[in-house]
Amino acid sequence: MDMKRILLIFYIFIFAVLSLTAQAEQFSVGDLYELALENSISLTEKTVRAKAASYRVMEAKSKGAPVFSFQSALSYIHNPDTITVEAGSFGQLPDMIGGQLLPDEDTTFSMSGNSYYDFKLIMDQPIFTWGKVYNALQATKEGAAAANIDSAKTRDLLKTEILTNSASLFHLQEIQKA
């Protein structure tokens with residue numbers, strides 16, 4: 001037996017002895033069961049584990065949902081307002097083709113100003129996961145079910161120990177009366 005069970009049995013025994021000797025408040029089996037549920041460290045620990053497992057199920061469900069992100073950027077670029085390319089700045093075509101200047105006339109480009117803005121809204125949606133998302137969800141559901149079963153088993157074990165100990169104490173009390 002682990003130390004927690006020994007302490008629980010000891011506390012139940014002390015309650016029973018006090019009720020026999022002092023004839024003070026007597027506890028029913030239901031009262032003892034409620035006290036054990038309230039004060040059981042192992043049951044509290046297993047209940048917390050079950051809640052954490054159910055959280056992991058919700059987390060695994062969200063892995064199949066789209067993920068949105070937002071990005072923005074601002075850069076200051078020192079550009080002139082306009083750029084002018086003079087005729088012939090890039091040379092001339094050969095005479096056999098026509099000997100035309102490149103470009104053939106002065107060309108003016110207006111620039112976009114001095115600031116550069118970039119905004120992005122990104123959505124990532126897993127489409128082909130080859131069963132990874134589904135299998136992870138199934139595994140976490142099984143883990144949550146196991147944690148809930150473990151918590152219920154601990155609760156049932158507490159009830160069984162209390163019923164066994166109270167029956168033993170009742171028989172000891174009957175022997176003491178005789």
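**Exercise 1.** Why does the distance between the end C-alpha atoms of helix α3 (residues 41-62) agree with its expected span?

Solution. The structure is a predicted model, in which local features need pLDDT of at least 70, side-chain atom pairs count only at pLDDT 80 or more, and totals for chains, interfaces and linings use all residues. Residues are numbered from 1 along each chain as its sequence is written, and side-chain values use heavy atoms, without hydrogens and water.

Step 1. Helices (H or I, at least four residues) and strands (E, at least two) are DSSP runs, numbered from the N terminus. Helix α3 has 22 residues.
Step 2. The expected span is 1.5 Å times one less than the number of residues, which gives 32 Å for α3.
Step 3. The end C-alpha atoms of α3 are 32 Å apart, so the two values agree.

**Exercise 2.** Determine how the buried residues of α3 are arranged, and what covers them.

Solution.
Step 1. Buried means under 20% relative accessible area, exposed over 50%, and partly exposed in between (1.4 Å probe, protein chains only). In α3 the buried residues are Leu 43, Ala 50, Ala 53, Val 57 and Ala 60.
Step 2. Viewed down the axis of α3, these residues fall within an arc of 95 degrees, so they line one face of the helix. The arc is taken from the directions from the helix axis to the C-beta atoms.
Step 3. Ile 41, Lys 51, Tyr 55 and Met 58 are exposed on the face of α3 turned away from its buried side.
Step 4. The cover over the buried residues of α3 includes α2 (29-39) and α4 (132-177), where contact means heavy atoms within 4.5 Å.
Step 5. In α2, Leu 32, Tyr 33 and Ala 36 are buried. They cover an arc of only 100 degrees around the axis, which puts them on the same side of α2.

**Exercise 3.** Locate the salt bridges and state which parts each one joins.

Solution.
Step 1. A salt bridge is a side-chain nitrogen of Lys or Arg within 4 Å of a carboxyl oxygen of Asp or Glu. The whole structure holds two.
Step 2. Arg 49 pairs with Glu 45, with the closest N and O atoms 3.1 Å apart. The two are four residues apart in helix α3, which means a separation of about one helical turn. Arg 49 is partly exposed at 48% relative accessibility, as is Glu 45 at 35%.
Step 3. Asp 150 and Lys 46 form a salt bridge at 3.5 Å, N to O. Asp 150 lies in α4 and Lys 46 in α3, so the pair ties together parts 104 residues apart in sequence.
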